[in-house]
Amino acid sequence: MTFNVGVIRGDGIGPEIVTEAVKVLDAIGAKYGHEFKYTEILMGGCSIDACGEPLTDDAIKAALSSDAVLMGSIGGNTSTSPWYKLPADKRPEAGLLKLRKSLNLFANLRPAYLYEELKEACPLRDDIIGDGFDMMIMRELTGGLYFGERSTVEEDGQLVARDSLTYSEGEIRRIAKRGFDIAMKRRKKVTSVDKANVLDSSRLWRKIVEEVAKDYPEVEYEHMLVDNCAMQLVKNPRQFDVILTENMFGDILSDEASMVTGSIGMLSSASLNDTKFGLYEPSGGSAPDIAGKGIANPIATILSAAMMLRYSFDLDAEANAIEKAVKLVLKDGYRTIDIMPRDGSTVKQVGTVEMGDLIVERL
Ligand code: NAD
């Protein structure tokens, strides 16, 4: 089959790590008989330099006409780069916000997976880690507190600030469906996280999730209060498969979950809308401190490409093959600088391109 992939290389380490992910996709294409056609899309600082704005209408059109978009990262050093002297809506990050909005990307997925070989990076105790954990945080991305009405006004001689948290049935239903769909591709368990003992929006969340769950009899589901979930993530992370939650809770819990794996260069992410379309990118940023040195870890971007195969193209076997190849490379003792053990004795340090080549070899 032929798939049209929009490619945003972006800034900093973006072009280096995307090149490796494209290399892996091409290897998958050759092995399984698919063709990936790439359309280069400018976004971020590179687009400011070339076109005077972080995301042009043509770039949005190119993204919209792709089957999915693979992205590196955007932005520069926020203290020294001239991009950050521009007004906020002209800076690199404004391009990403505009793209997410234009594509209606309401579902954000961030896996938190602990590799056996990288256990030493995990800050949790060995008896808690056990044989590792593998969870997916599914965060609603375009509603809730971050998108509600806000105001700061003077009342009775003092300032009063208000932020409103609104969710409609439709917004909850579409993210809940996505969460259960994804659980069906995994271990078939959903933990829906809310604050239903206090918030009306959470009580509606719970009601709609229960309705959606009826359509997925194979999926085991439970409700959990967000404060308890924050605790359970460090007490017993192995209990989770898919964590389904609203925007602000998801923002906080996904950072917590990713940090218990201990390694930003390994973490992929996806943002989806209600079609098969998705934007796939590493969780980390453009790492201007190491850009151009050939040492960035390309694994998060390569794993994001695997998510693209699974969630936008339904190519599960191909996605599994990439994930297995990554595990084999780690098992064989190869590490980029960010995942080197402290003593460095038992493993071999490799650069960005070599890491990509090693993964392709194992495919
Ligand atoms: P960052 O994630 O870029 O870097 C934090 C640290 O992690 C740095 O030391 C960096 O070298 C390291 N790191 C990150 N990715 C790595 C990789 N793949 N391999 C090895 N090491 C890696 O965060 P920051 O320094 O706060 O931000 C830098 C720029 O990135 C800023 O302009 C920020 O706005 C932007 N940013 C972009 C995105 C995005 O494109 N979605 C996300 C976050 C930050």
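The following exchange concerns the domains, sheet, pockets and cavities of one predicted model.

In this predicted model, local features need pLDDT of at least 70 and side-chain atom pairs count only at pLDDT 80 or more, while totals for chains, interfaces and linings use all residues. Residues are numbered from 1 along each chain as its sequence is written, and side-chain values use heavy atoms, with hydrogens and water left out.

Visitor: Into which domains is the chain divided, and what distance separates their centres?
Guide: The bounds come from an automatic or database domain assignment, which gives domain 1 (1-109 + 269-363) and domain 2 (123-260). Their contact (heavy atoms within 4.5 Å) takes 18 residues from domain 1 and 13 residues from domain 2. Taken over C-alpha atoms, the centres of domain 1 and domain 2 are separated by 26 Å.

Visitor: Which strands stand at the edges of the open sheet?
Guide: Helices (H or I, at least four residues) and strands (E, at least two) are DSSP runs, numbered from the N terminus, and two strands pair if DSSP finds at least two bridges between them. The open sheet has 10 strands with mixed pairing, in the order 2-1-3-12-11-4-5-10-8-9. Two of these strands have a single partner strand each, so one side of each is left without a neighbour in the sheet: strand 2 (35-40) and strand 9 (220-225).

Visitor: In which sense do strand 5 and strand 10 pair, and which residue stands opposite Met138?
Guide: Strands of a sheet pair through backbone hydrogen bonds, either parallel or antiparallel. Strand 5 (134-140) and strand 10 (residues 242-245) pair in the parallel sense over four bridges. Opposite Met138, in strand 10, stands Leu244.

Visitor: At about what angle does helix 9 run to strand 5, and what angle does helix 10 make with strand 12?
Guide: Axes are lines fitted to C-alpha atoms, for helices over the stretch in contact, and angles run from 0 to 180 degrees between N-to-C directions. Helix 9 (247-261) lies across strand 4, strand 5, strand 8 (189-194) and strand 10, at about 155° to strand 5. Helix 10 packs on the sheet, touching strands that include strand 1 (2-10) and strand 11 (268-272), and its direction makes with that of strand 12 an angle of about 160°.

Visitor: Which helix gives the largest share of the lining of the largest pocket?
Guide: On a 1 Å grid over the protein atoms alone, a pocket is an open set of points with protein on both sides within 12 Å along at least five of seven lines, whereas a cavity is a set where a 1.4 Å probe fits but cannot get out; lining residues have an atom within 4 Å of a point. Volume is the space filled by probe spheres set on the points, which are joined across faces, edges and corners, and for the largest pocket this is about 670 Å³. Of its 26 lining residues, the closest to the centre are Leu96, Leu97, Arg100, Leu141 and Glu281. The largest share, five residues, comes from helix 4.

Visitor: Where does the second largest pocket lie, and why?
Guide: This pocket has a volume of about 460 Å³, and the closest to its centre among 22 lining residues are Tyr113, Asp134, Arg186, Arg310 and Glu323. Helix 11 (316-331) gives the most to the lining, with five residues. Both domains give residues to the lining, so the second largest pocket lies between domain 1 and domain 2.

Visitor: What volume does the largest cavity have?
Guide: The structure holds three cavities of 30 Å³ or more. The largest cavity is lined by Tyr167, Val193, Asp194, Ser201, Ser202, Trp205 and Glu246, with three residues from helix 7 as the largest share. The volume of the largest cavity is about 40 Å³.
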